[in-house]
Amino acid sequence: MSEGPWVSVAMVRQRFAARIEGLAGFREVPYPFRPGQAPAGFDLYPFSVIVTRTDATERYRSNDRTGILSRSQVSVVFFAAITPAEGEQDNLLDGVSDAAQSVIRRIMHRAGTTHHHHISIGWRDQVIDLGDDDGSFLQVTVRFEVEHPIDLLTDS
């Protein structure tokens, strides 16, 4: 990549994955998952980072020196097994909500990190869904919006 403040879509995804990999109990796994099936080797919180959309910002500008100021939608998807004893459902849901908040804190925290270098990150939302028809796991999606300049000078 050419010299400059550019951050590719792939680099955005990699920065997110590296930050989350450092959280206790989280392990990156390939995406996409097959519908209704947890990833192999299901541990506490298997996760994937997916950039679902990238487009130009309202402040669109484009030239060789500045690149294209872009906005990417980034989703962090993780799973949690539903194995609570009778009456423990609330504890499970609280634990999953706490895990989602840990992801948000980890991504949004700037001090002592370089993952925010040349990008601006905003948290959008989190959704907790029943991951399959038999109710054996939950799928959690935490979404962020990232503004970053894309390079116009290099083909690769």
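I began with pairing: two strands pair if DSSP finds at least two bridges between them. With that in hand I looked at one facing pair, where Ala 56 stands opposite Ser 70 in β4. The strands concerned, β2 and β4, run antiparallel and share nine bridges. I note at once that this is a predicted model.

**Entry: confidence**

I checked pLDDT before reading any detail. The chain averages 80. I found that 69% of its residues reach 70 or more. Which element has the lowest mean pLDDT, and which the highest? Strand β3, residues 62-63, is lowest at 65. Helix α1, residues 9-21, is highest at 93. I keep a caution here: where pLDDT is low, the predicted coordinates should not be read in detail.

**Entry: layout**

I counted two helices and six strands. Along the sequence I read the order α-β-β-β-β-α-β-β. I then looked up how far contacts reach. Among contacts between residues at least 6 apart in sequence, 64% join residues at least 24 apart.

I also looked up the surface. The chain exposes about 8,700 Å². Carbon and sulfur atoms supply 49% of that area. Of the 156 residues in the chain, 37% are buried.

**Entry: strand pairing**

I went through the other strand pairs next. β1 and β2 (residues 45-56) run parallel, with three bridges between them. Glu 28 stands opposite Phe 47 in β2.

How many bridges join β4 to β6? I found 14, and the two strands run antiparallel. Strand β6 covers residues 137-150. As a marker I took Ala 81, which stands opposite Phe 137 in β6.

β6 also pairs with β5, residues 120-130. Ten bridges join β5 and β6, again in the antiparallel sense. Here my marker was Ile 128, which faces Val 140 in β6.

**Entry: Ser 75**

I picked Ser 75, which sits in strand β4, residues 67-81. Is Ser 75 buried or exposed? Its relative accessibility is 7%, so Ser 75 counts as buried; the cut-off for buried is under 20%.

I listed its contacts, leaving out residues up to four places away in sequence. Ser 75 touches Ser 48, Val 49, Ile 50 and Thr 52, and also Thr 141, Val 142 and Arg 143.

**Entry: nonpolar core**

I looked for the largest nonpolar core and found 28 residues in it. Those touching the most other members are Phe 16, Ile 20, Phe 26, Phe 78, Val 103, Val 142 and Phe 144. Two or more residues each come from α1, β2, β4, α2 (89-108) and β6. The largest share, seven residues, comes from α2. For context I note that in soluble globular proteins, nonpolar side chains tend to be buried together.

I followed Phe 78 further. Not counting residues up to four places away in sequence, its contacts include Phe 26, Tyr 45, Pro 46 and Phe 47. Val 96, Ala 99, Ala 100 and Val 103 are also among the residues Phe 78 touches. Leu 138, Gln 139, Val 140 and Val 142 complete that list.

**Entry: salt bridges**

I searched the whole structure and got six salt bridges. Arg 13 and Glu 28 form one of them, at 3.0 Å, N to O. This pair links distant parts of the chain, with Arg 13 in helix α1 and Glu 28 in strand β1 (residues 26-28), 15 residues apart. Arg 13 is partly exposed, with a relative accessible area of 26%. Glu 28 is partly exposed as well, with 32%.

I then took Arg 124 and Glu 145, whose closest N and O atoms are 2.8 Å apart. Arg 124 lies in strand β5 and Glu 145 in strand β6, so the pair ties together parts that are 21 residues apart in sequence. Arg 124 is partly exposed at 42% relative accessibility. Glu 145 is partly exposed at 22%.

Asp 55 and Arg 53 make another salt bridge, with the closest N and O atoms 3.2 Å apart. Asp 55 is partly exposed, with a relative accessible area of 25%. Arg 53 has 51% and is exposed, as the cut-off for exposed is over 50%.

Which residues are linked in a network of salt bridges? I noted Arg 53, Asp 55, Arg 71, Arg 124 and Glu 145.

How values were computed: Residues are numbered from 1 along each chain as its sequence is written. Side-chain values use heavy atoms; hydrogens and water are left out. Helices (H or I, at least four residues) and strands (E, at least two) are DSSP runs, numbered from the N terminus. Buried means under 20% relative accessible area, exposed over 50%, partly exposed in between (1.4 Å probe, protein chains only). Contact means heavy atoms within 4.5 Å. Accessible areas come from the Shrake-Rupley method with a 1.4 Å probe; for residues, only the protein chains shown count as cover. pLDDT is the predictor's confidence in each residue, from 0 to 100. A salt bridge is a side-chain nitrogen of Lys or Arg within 4 Å of a carboxyl oxygen of Asp or Glu. A nonpolar core is a set of buried Ala, Val, Leu, Ile, Met, Phe, Trp, Tyr and Cys residues joined through side-chain atoms within 4.5 Å.
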